[in-house]
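Student: Could you take me through this structure slowly, and show me how each term is justified?

Tutor: Gladly; let us look first and then ask.

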Amino acid sequence: MAVTSAVTDLVKSVGELAASLFNAVYTIFETFFTGVFHLFTGFFAFVVDIFQGVLDVVGGIGKFVAGNIVMLGLIGAAGYAYVRYTAQGQIQGQKARETIHAAGANAKKNT
């Protein structure tokens, strides 16, 4: 009975050895393919993050340029309004001086 039990245990041990080897091979392949899969997904995530970063930078630069255009436009409009206002005042002052000068000349002619 001891011999049959020993042979049974030997067969079980060989079966467990084979199962262990298959399990080890499966684990190695599964780990390798999982690593390759994660490598590619990480690469694609990296590329997507780069493009998102580039778009963020371009958007930031666009906002900066648009803000500068608006500010320069406002400054230009204010400068134009100032020049028009002061030029209009000079024209009115010149007309007033011409009127006064003409009235003075007419007064001299009348006397």
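Student: Why is Phe 33 called exposed or buried, whichever applies?

Tutor: This is a predicted model, in which local features need pLDDT of at least 70, side-chain atom pairs count only at pLDDT 80 or more, and totals for chains, interfaces and linings use all residues. Residues are numbered from 1 along each chain as its sequence is written, and side-chain values use heavy atoms, with hydrogens and water left out. Phe 33 has a relative accessible area of 52%, and exposed means over 50%, buried under 20% and partly exposed in between, with a 1.4 Å probe and protein chains only, so Phe 33 is called exposed.

Student: What makes Phe 32 and Phe 33 an aromatic pair, and of which kind?

Tutor: Rings of Phe, Tyr and Trp (its six-membered ring) pair if their centres lie within 6.5 Å, with planes under 30 degrees apart stacked, over 60 edge-to-face and the rest tilted. The centres of Phe 32 and Phe 33 are 5.4 Å apart with 65° between the planes, and therefore the pair is edge-to-face. The structure holds three aromatic pairs, and Phe 29, Phe 32 and Phe 33 form one aromatic cluster.

Student: How many of the residues in the chain are buried?

Tutor: Buried residues make up 0% of the 111 residues in the chain.
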